[in-house]
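The exercises below ask you to read strand pairing and metal coordination from a model, and each task is followed by a worked solution.

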Amino acid sequence: MISLKDKIALLINIFLIATVACMIAACAEAPAEEDPDIIAFLNVNVLPMDHDEILENHTVLVEGDRIIAVGPADEIDVPDGAQQVDGQGRYLMPGLAEMHGHIPGSDRQEYAHNVLFLYISNGVTLVRNMAGSPWHLELRDQVDRGEVPGPIIFAASPWMSPNQAPEPDDAERLVREYAEAGFDLLKMGSISLEAYERMAETAHEVGIPFAGHIPAEVGLERALDARQISIDHFDRYVEFLVPEDADTEGRAPGFFGSGWIDFVDRARLPLAVDMTIEAGIWNVPTLSLVEHLETPEDPEEMIQWPEMRYMPQDILDGWVNAKHNFQARDYFQPEAARELVELRHELLRELHEAGAPIALGSDAPQFFNVPGFSIHHEMRMMVDAGLSPYEVLVTGTRKPAEYFGTPDEFGTVQENRRADLILLEANPLIDIANVQQRVGVMVRGEWMPEEEIQQRLEEIAGQTGGQ
Ligand SMILES: [Zn+2]
């Protein structure tokens, strides 16, 4: 017989043993570190973009808006509680830059916010906004503070046009005003040679770059001499390739030289390339701007492309009209248009092979270039021109970071870079179209899975009436 006293003692012992056992078990299971603020991409193939290699089976950790670790899966400890994104068989690359984009103005704020989302939905995490207003400076800062979802914005000033800057004094005053207001660069339009020269002098003095078009009177050589930071659309290259003694009397160069294509002397191409390299000037080709207008494709069919449902109807109507007008030009001939496109491909290839700096830009939302979506057309055209998918991706990732003088800030998948990332189902180095096979996009550390992106895109299509 066990006395009541012994029973109680036994129960107490069992209880104590159980308690100690529980404590040991709990102790063994206790997480070393809980960190729900960290997002981990697991077992992923990384395209670091600082060199041409795929880092297989890696782990990438993100905290706040930064990449905090990149390494082989068996070397990186993933903190317990971290949000995990399965990267098995997938590809992680840096976000892309649209180096010639446009963001609508303050008169259409809802459209502007939609455009910002269209960019990031496609993995475009940086936009050089090529002509703006003071409202874009506010928008730039709101995005930086995380109040409005969108890409990093670099904000160009309003156009330097002949109306705004008819005289050198006006050009000088505007440069000072725009620099003072906080614009990141000056957008060049067709000002006079004298106004351009004063603009350039003042811009170098106050330290603001200028970019965009080259005024007709200025021409390629003077713009290179003036150290215009980027030439967009390959503006004035065709004119430069036309020998001075060509009989161009009564013929306007037209849209990026399309009216002069038959005067081009290709033997001048190496000179244009050498001069560009010597000057160290960037080119932002915007192939898709020109090709969308110059191809014989029916504009009514072009606005049936899937991405067109995210654009307001009046914009689509404007594009259709523009293309009809374009095709009605007296000098428009499909053969000449095809030659222009080929010449532009050759120019891109030659500049690139010689080492001239090139940055990715499509000119959205101009002529059938739906923000974000148009970058995929642009990249395909660059591949058609002869660049490899890797080389094209460099122009949209590492190169823009170099352009801005901030190679340690973004553009590669490395520690301490901004967490602007695209996760893909398929390898973009095999087929550039795979950049559209998204699993999700990360913008300044915020992860947006594809379902979420599609939901928001549906809302935008609803607002525009797109079916
Ligand atoms: Zn533009």
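**Exercise 1: the sheet**

Four bridges join strand 7, residues 124–129, to strand 8, residues 152–160, and the two strands run parallel. This is a predicted model.

Task: determine which strands stand at the edges of the open sheet, and what this leaves without a neighbour.

Solution. Begin with the strand order, which in this open sheet of seven strands is 6-7-8-9-10-11-12, with parallel pairing. Strand 6 (96–101) and strand 12 (282–284) each have a single partner strand, so they stand at the edges and one side of each lacks a neighbour in the sheet. From one strand to the next, the twist averages 30 degrees. Returning to the pairing of strands 7 and 8, one can locate N129, whose bridge partner in strand 8 is A155. Finally, helix 3 (residues 134–144) lies across strand 7 and strand 8, and runs at about 175 degrees to strand 8.

**Exercise 2: the zinc site**

Task: identify the atoms that coordinate the zinc ion, and decide why their arrangement is irregular.

Solution. The donors are NE2 of H100, NE2 of H102 and, entered twice, OD of D363, at 2.1 to 2.7 Å. Along the chain these donors follow the spacing H-x1-H-x260-D. To count as tetrahedral, four donors need all angles between 85 and 135 degrees; the four donor atoms here subtend angles of 49 to 128 degrees, and the arrangement is therefore irregular. As a last step, consider the two histidines: H100 counts as buried because its relative accessibility is 0%, and H102, at 14% relative accessibility, also counts as buried, the cut-off being under 20%.

Terms used. Residues numbered from 1 in each chain as written. Predicted model: local features only at pLDDT ≥ 70, side-chain atom pairs only at ≥ 80, totals over all residues. Heavy atoms only, no water. Pairing = 2+ DSSP bridges. Axes fitted to C-alpha atoms, helices over the stretch in contact; angles between N-to-C directions. Contact = heavy atoms within 4.5 Å. Donors = N, O, S within 2.8 Å, 3.2 Å for Na, K, Ca; no water. Tetrahedral: all angles 85-135°; square planar, octahedral: opposite > 155°, others 65-115°. Buried < 20%, exposed > 50% of the residue type's maximum accessible area, 1.4 Å probe, protein only.
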